[in-house]
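Trainee: Could you pick one part of this model and take me through it slowly? I'd like to see how it connects to whatever is around it.

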Amino acid sequence: MNDLNNYSAEFRPDFQFSDFSKEFLTELLRFYGRAYMAIDGFWYIGVKNHVDNDMALEVDHWAWDKTTRFELKRLVPLAGIEGDGIDALFKFLQLVPWMQVTDYRLELESPKRGLMIVTRCSILEGMEKEGEGREKDICSQIDAAVLRKYAAFFNPNIKVEPLLLPPREDKQGICCKWEFTLE
C-alpha cells in the first residue's frame, strides 16, 4: 500500500484509493472534514466582513439547509443506512464531514433516548479565539437547525434539544451536549 509519503508526484492513470493504507485514508477523511468546515468559516467571515454578522448568519442558515439536504440525499443511500430510530441517525452522524473535526461520543441509552457529547470542536475553538462571541449564535441556531433537520429525515418524532451550549467558562470542558428523544 502506498501512503502519501511514498506516493509519486507523477501522474498515475491507474490511481486507486485502495492503493493507500487505512490509516492514510482515515487521515485524508479527517482532512476533508477540516477543509469542508474551513470553507464554511471562510465564506461566513467574508460575508460578515463585507456586509455584517446578521447577514452572514442568515446566509449560514440558508447554506446549511441546502447542505443538510445534499448530505442526507446522498450519504444515507451510499452508506446503506436504514431505519427510523435514533440508532440510524447516529450511524449517519458518524459519517458527516463536519463531525470529523470534533471529538465526540454518541451514547444510545435506549431506542428512545441518546446523547451526543462533544469534547473538542475546532470550530468552537476558532470562534473562542476570535473572541467576538459568535459561538452562542452558531451553536444555538445553526447547529440546532442542522441536527434537527438530520433527525427529522429519519423520523419527524425525534426531538433534538441542547443540554449544554457555549459560551464555555472552562475552555477545556465539554463543548456541547445534545439530547435526542423519540416520542
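**The hairpin and its surroundings**

Mentor: Let's start with E1 and E2, which form a hairpin with two residues between them. (Strands, E, at least two residues, and helices, H or I, at least four, are DSSP runs numbered from the N terminus.) Keep in mind that this is a predicted model, where local features need pLDDT of at least 70, side-chain atom pairs count only at pLDDT 80 or more, and totals for chains, interfaces and linings use all residues. Residues are numbered from 1 along each chain as its sequence is written, and side-chain values use heavy atoms, leaving out hydrogens and water.

E1 and E2 (residues 113–121) run antiparallel and are joined by eight bridges; two strands count as paired when DSSP finds at least two bridges between them. Across from Tyr-104 you'll find Val-118 in E2.

Now zoom out. The hairpin belongs to an open, antiparallel sheet of four strands, ordered E1-E2-E4-E3. E1 (102–110) and E3 (158–164) each have a single partner, so these edge strands have one side without a neighbour in the sheet. On average, neighbouring strands are turned by 20 degrees against each other, direction ignored.

What lies on the sheet? Helix H3 (residues 86–93) crosses E1, E2, E3 and E4 (176–182), at about 165 degrees to E1. (Axes are lines fitted to C-alpha atoms, for helices over the stretch in contact, and angles run from 0 to 180 degrees between N-to-C directions.) Helix H5 (residues 134–154) packs there too, touching E2, E3 and E4, and its direction makes about 150 degrees with that of E3; contact means heavy atoms within 4.5 Å.

H5 also matters for the largest nonpolar core, a set of 40 residues. (Such a core joins buried Ala, Val, Leu, Ile, Met, Phe, Trp, Tyr and Cys through side-chain atoms within 4.5 Å; buried is under 20% relative accessible area, exposed over 50%, partly exposed in between, with a 1.4 Å probe and protein chains only.) The largest share, eight residues, comes from H5. Among the residues with the most contacts inside the core are Leu-89, Phe-92 and Phe-154. Leaving aside residues up to four places away in sequence, Phe-154 touches a list including Leu-72, Val-76, Ala-88, Leu-89 and Phe-92.

Step past H5 and you reach Asn-155, in the loop between H5 and E3. Asn-155 is buried, at 10% relative accessible area. Its side chain reaches the backbone oxygen of Asp-84 at 3.0 Å and the backbone nitrogen of Asn-157 at 2.8 Å.

The loop between H4 and H5 holds Glu-132, which is partly exposed at 48%. The Glu-132 side chain makes a polar contact with that of Lys-48, at 2.9 Å. (That's a pair of N or O atoms within 3.5 Å; within protein, one must be able to donate a hydrogen and the other to accept it, and residues adjacent in sequence count only if both atoms are side-chain atoms.) Lys-48 is one of the buried residues of H1, and what covers those buried residues includes H2, H4 and H5.
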